[in-house]
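Good morning, colleagues. Please have the structure open before you as I speak. I shall begin with a sheet and then turn to the domains and the chain contact.

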Amino acid sequence: MAKILAFIESRDNKLKNSGYETASTAVRLGNELGAEVEALMIGSSVSGIASELGSYGIKKVLLAEEPKFEKYSTTAYSKIVADVCRMQAADVLIISATAMGKDMAPPLSAKLEAGLVSDCTEIRTVGGNIIATRPVYAGKALIDVKVSSAIKIFALRPNVFKPVKVDGITSAIEKVNTGISDEDFIVQVKEVVVSDEKQDVTEANIVVSGGRGLKGPENFHLVEDLAKVLGGAAGASRAIVDAGWRPHSEQVGQTGKTVSPSLYIAIGISGAIQHLAGMSSSKCIVAINKDKDAPIFQIADYGIVGDALEIVPALTEEFKKVLSN
Amino acid sequence: MKIAVCVSQVPDTTTKVKIGSDGKTIDPAGVTYIINPYDEFAVEAALQLKEKQSGETIVISVGKDSNKEAIKKSFAMGIEKGILVKTDAELDSYAVARNLADVLKEINPDIILFGKQSIDYDDSQVGQITAELLGIPSISVVVGMTVESGKITCEREIEGGKEVVESTLPVSVTAQRGLNNPRYPNLKGIMAAKSRPIEERQPTYTENKTEILSMKLPKSKPKGKIVGEDVSAVPELVRLLREEAKVI
C-alpha cells in the first residue's frame, strides 16, 4: 500500500476532536502498513490549526484554503477530496463519520469507485490488508469488513478512536490549488443554526438520558440539570420523543442517534431493545429505574432501583458537592 | 414534476438479532420485516410534494421478492408506480446504488427521495452514492424541505444544530425523522395496493466493493451492581463512578 490520506475536519476554522482521532488512526495504520500518511484540510483560514496535526504524527498537511471554503458544501468539498486523492495517488482515505463526513463519504465512494465502510469502531491490519469492524442493526451485531476496490474509504465513528500525541514532529504545510469554481457549489450551506449552544449527544463524553419514568415533560429539567453539572449532553428515549416531550434530535436509539460516551446515565428508561441498540457501546452505563426487572439493568454497570424524581436531584447535588472540591 | 422514492425492507426495530449459519448475516427465522422506517418519511415527503405541485410518483426497490412488501406499503400510502430490481444477492451500498441509478436514469425524476439510512446495515450511503452516479446533487439527513420554482431549500441536521442548504433541481434528498409524520394507509389505499402491478427487472450490476468477513454479537457485559434502592445509595454511586469506573 502506497499512501493514506486523512481528511481532517474543521468547523469555523477550529479542529474538531474527531480530527485528532482521524489523524492518529491514519498515522497508526501508516506505521502498520509502512505507508506514507498525508492529511488534507479544507477551510477559509485553517493554516494556523493545520500545524497542530504534527503533534499527532502527521508529517505533511495539504491545505485547500480559500475564502469561499468557509462553509461546507457537499459538491465542492467532495470534489476537492476526490481530486487530491487522485493527485496524491492515495489508496486509502480515512475520514470521520461526523455529519460532514457522513455527507461527503458516499459521493467520494462514487467519484473514486471506492468501497466505503461507514461508522467503523475498530480498524486493524492483517497481512497488509485493512479490516474494519462496524456495528450493524444499530449495534445489535458487529461485522468485520474488507474492501476490495483499488481505493478504500473508511469513516471512523467519532469518540471511539484515541488521539495519540507524538513528540518531535512538525508538519510541513503545502497549499493545494483546487481549481474549484462557483459551479461546484451547487449544494450550498446558506446558514448554520446552532441550537442554543447545547452539546450534541453524539459528541458528548457524558450523556444523561430521560424516559417515561420522569412522568411528564415538566420534569425533564432534572435530566438537563444533571447533564449540566457533569458537562454532558441530554438525550431522550423514543417513548418521550414520540409523546412530544422532546425533539427527535435528542433521541438515542435505533431510529435516533447512536452514542458511545464514557458515561451514559439512563433515567427512567426501561431499556427497549431499540434504545439499548443506540447506547450499549457506552463505556460505563448507570441506570436509575423503579422497576428492578427493567432490561436496562441487564447492561448497566451500576444501578439504583428507585424513583427517578427523588434520586436524580440528590445525584445532581452530590455531583455538585464532590466536583466543587 | 416527477418524484421517485427508493425504499428497502428491513427487520423490525424490536428484532433480537441472532447470527445466521453462514456467520455473515442474521438468522431470518422469526424476524418480522417492515419498510425501512426512514423510507416512510421519504414516501410521505413524495406524497406531500405531489399534492402541492402535482406530478407523478414512483417507488423503486432493489432486493429480494419480499421487498415487494415495502413497495406495497408505499402504494398503500399513495405512491402510483413501483419497480423492483429483483435479486437474492447480498449487494453492498455501492452495488444497490448502481442498480438504482440505472433505473433512475430512464425515469429522469426531478426529485429522488431516500430514507437517510436503512436500519439493517446502517450504511447511510445509498442515497448519496446514487445521486453522485447520476451526476446530481444530494442533500442528506433532511428535517425540513421546501421546493419552489426549480429550487430546493432544506434543513439538515448537524452536530448541535441545523444547516440550511440550497440546491437546484434535479436533486436527491435523504430523509431524517422529523421531516414529517408519515400517514397511515387507509383501507382504500391498502385494497388498491394489492392489485397494483409491480414491474420486475433484472439487476444491472452485482459486483460488491466491500466484503463482509464475519458477523458477531457484541461482547455481553458482566452483570452490573445494584448500588441501592433509594436516595441513600447516591453517595456510594458517585464514589464508584469516581474511584472504580473513573469516569468522572
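**A sheet shared by two chains**

Three bridges join strand E18 of chain A, residues 302-305, to strand E13(B), and the two run parallel. Please bear in mind that this is a predicted model. Within this pairing, A:Ile304 has B:Gly228 as its bridge partner in E13(B).

Two helices accompany the sheet. Helix H5 of chain A, residues 221-230, packs on it and touches three strands of chain A, namely E14 (206-210), E15 and E16 (263-267). The direction of H5 makes about 175 degrees with that of E14(A). Helix H6 of chain B, residues 234-244, also packs on the sheet. H6 touches E16, E17 (284-289) and E18 of chain A, together with E13 of chain B, and its direction makes about 140 degrees with that of E13(B).

Now to the sheet as a whole. In what order do the six strands lie? The order is E15(A)-E14(A)-E16(A)-E17(A)-E18(A)-E13(B), with parallel pairing throughout an open sheet. At the edges stand E15 of chain A, residues 233-236, and E13 of chain B, residues 225-228; each has a single partner strand, so one side of each is left without a neighbour in the sheet. From one strand to the next, the twist averages 20 degrees.

Let me turn to the domains of chain A. The domain assignment gives domain 1 as 3-184 and domain 2 as 206-324. Their C-alpha centres lie 33 Å apart. The contact between them takes six residues from domain 1 of chain A and eight residues from domain 2 of chain A. On the domain 1 side, these comprise three nonpolar, two polar and one charged residues.

Finally, the contact between the chains. Here 68 residues of chain B are in contact with 76 residues of chain A. Which elements of chain B each supply at least two residues of the side that touches chain A? They are helix H4 (126-134), strands E7 (138-148), E8 (151-158), E9 (161-168) and E12 (210-216), and also E13 and H6. The largest share of that side, eight residues, comes from E9(B). By class, the side of chain B that touches chain A has 33 nonpolar, 16 polar and 19 charged residues.

Technical notes
Residues are numbered from 1 along each chain as its sequence is written. Chains are lettered from A and ligands numbered from 1 in the order in which they are written. This is a predicted model: local features need pLDDT of at least 70, side-chain atom pairs count only at pLDDT 80 or more; totals for chains, interfaces and linings use all residues. Two strands pair if DSSP finds at least two bridges between them. Helices (H or I, at least four residues) and strands (E, at least two) are DSSP runs, numbered from the N terminus. Axes are lines fitted to C-alpha atoms, for helices over the stretch in contact, and angles run from 0 to 180 degrees between N-to-C directions. Two residues are in contact if their C-beta atoms, placed from the backbone, lie within 7 Å. Domain bounds come from an automatic or database domain assignment. Ala, Val, Leu, Ile, Met, Phe, Trp, Tyr, Cys and Pro count as nonpolar, Asp, Glu, Lys and Arg as charged, and the others, Gly among them, as polar.
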